[in-house]
Amino acid sequence: MSDPTRPTVPSSDYIEHARLEAARRGAAAQPPESAFSGAPDAIIDRVRAEVAEARLRLIGLSHAVHAVAEPAFEEHASAELVAAAVRSSGVEAEVGVAGLETAVRAEFGSPDAGRTVAILAEYDALPDIGHACGHNVIAASAVGAFCALVAALDGDARRLPGRVVLLGTPAEEGRGGKEIMARHGAFDTIDAALMLHPFGFDACEQLWLGRRALEVTFTGIAAHASALPFMGRNALDAASLMYQGIGLLRQQMLPVDRVHASLPEGGDRPSVIVERSQLNLYVRSPYPETLRELSGRIADIAHGAALMTGCGVQLDWDIHPPSMPVKANSELAARWSAYQRAVGRAPFPAGVVPDTLAASTDFGNVSWLVPGIHPTIAIAEPRVAWHTREFADAARSPQADEAVVDGAFGLAATALDFLFDDELADEVSREFDRNGGRIPAVRYFGEKGAL
């Protein structure tokens with residue numbers, strides 16, 4: 001007999017079927033190909049050697065960031081760890097840039113020649129459960145890529161036909177740090193952006209949903225719940241109706257749309273008709289247009305719940321900036337894939353990892369400003385979910401340590417290809433333009449995301 005005081009254990013059968021299906025599709029799929037030569041082989045080989053030489057330092061950085069585990073906008077120690085690691089390569093790093101105290105920027109190369117590629121680091125953790133999204137791996141691999149590139153060129157900026165910029169980007173977890181940095185000009189002089197994310201699969205392309213945040217406040221009228229309930233207007237009823245309305249809407253939502261909510265306010269005493277309630281929601285969809293449409297449906301439900309209960313309602317969209325879906329550049333993804341295969345990984349191409357396993361990232365906003373990639377690198381079994389204590393443990397595991405090293409090489413080599421190969425860079429730019437070109441998130445949702 002099961003323990004009635006404990007929740008039932010969710011089945012992992014679907015995840016196992018998804019893993020097997022992804023493996024089947026991946027085995028049948030052709031890896032993405034690139035027709036371009038990229039950077040000189042000698043430089044790529046040197047980068048790989050420099051990453052290998054720095055292995056223990058990079059793993060140490062990953063573990064150090066994992067240990068401090070600072071939440072969004074509070075990553076002071078993490079930012080200093082990143083900056084110190086960069087400075088050890090002989091390059092200055094600035095902490096406190098682009099409108100954020102915990103953002104980091106360093107650059108190497110010639111500012112007056114060639115293109116500029118950014119390698120992005122994240123290092124914010126989740127409250128209570130720490131690095132349950134593995135951002136310590138992201139930080140260490142990005143720093144490792146930047147420092148290996150510097151070392152491979154013997155610290156001589158004149159040998160690089162362009163610039164590489166390391167950007168430490170705070171507050172990815174629901175706070176839109178990259179969008180804040182973008183509005184402060186962080187990507188105005190960037191021509192391409194690269195980063196990775198730990199996951200249960202290796203994939204050079206997969207779906208990342210757009211996401212908006214909504215805070216709904218219902219205002220009712222307090223009354224004694226027994227003696228004079230008819231003199232009240234119950235704000236908790238309004239919140240409950242909205243929650244149920246969203247549940248019914250799911251039948252008509254797109255297959256990969258997601259809406260989820262918490263109820264931070266719902267009354268304190270059962271003897272008092274609730275005067276104020278609040279729902280916090282995330283709304284997700286695979287395209288900016290469908291995200292905007294779904295947002296309108298959710299707003300209608302909120303107003304309907306208020307009307308049904310006689311309550312007032314206030315909707316506050318995007319207190320933190322929205323995240324756009326990721327628009328991956330397939331040519332850059334092909335270069336990443338080739339370098340990951342070179343170190344023994346086999347990243348899945350687009351369409352292999354099931355779309356039902358999609359999450360969101362503020363890198364999506366960057367990918368609509370400049371060509372970019374946001375591949376995943378496996379550090380755990382697919383059944384180990386993001387935002388769990390189990391994934392936080394995985395982010396400090398030997399498998400995560402290998403991902404730091406493999407990822408650093410892949411990021412550095414892909415960045416060098418973009419800087420050295422003019423024909424490759426031209427195709428990256430043409431693909432970006434074919435897919436709509438530069439579109440800031442504010443064009444869809446405004447500065448505060450008003451509908």
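**Exercise 1.** In this predicted model, find which residue of S4 is the bridge partner of Gly-109, and then describe how strands S2 and S3 pair with S4.

*Solution.* Begin with Gly-109, whose bridge partner in S4 is Arg-163. Next, look at the strands themselves: strand S2 (residues 100-109) pairs with S4 in the antiparallel sense, and six bridges connect them. Then turn to strand S3 (residues 115-121), which runs parallel to S4 and is joined to it by seven bridges; Ala-118, for instance, has Val-165 as its bridge partner in S4. Finally, follow the chain from S3 through helix H5 (residues 135-152) to S4, a β-α-β crossover that is right-handed.

**Exercise 2.** Decide whether the residues of strand S4 are buried or exposed, taking each of its two directions in turn.

*Solution.* Recall that a residue counts as buried when its relative accessible area is under 20%. Gly-162, Val-164, Leu-166 and Gly-168 point one way from S4, while Arg-163, Val-165 and Leu-167 point the other way, and all of them are buried. Since seven of the seven residues of S4 (residues 162-168) are buried, the strand is largely enclosed by the rest of the structure.

**Exercise 3.** Work out which strands stand at the edges of the open sheet S8-S9-S7-S10.

*Solution.* The sheet has four strands in the order S8-S9-S7-S10, with antiparallel pairing. Strand S8 (258-265) and strand S10 (312-317) stand at the edges, and because each has a single partner strand, one side of each is left without a neighbour in the sheet. For S10, six bridges pair it with strand S7 (residues 210-219) in the antiparallel sense, and Glu-215 has Asp-316 as its bridge partner there.

Technical notes. Residues numbered from 1 in each chain as written. Predicted model: local features only at pLDDT ≥ 70, side-chain atom pairs only at ≥ 80, totals over all residues. Heavy atoms only, no water. Buried < 20%, exposed > 50% of the residue type's maximum accessible area, 1.4 Å probe, protein only. Pairing = 2+ DSSP bridges. Right-handed = clockwise from strand over helix to strand, strands pointing away.
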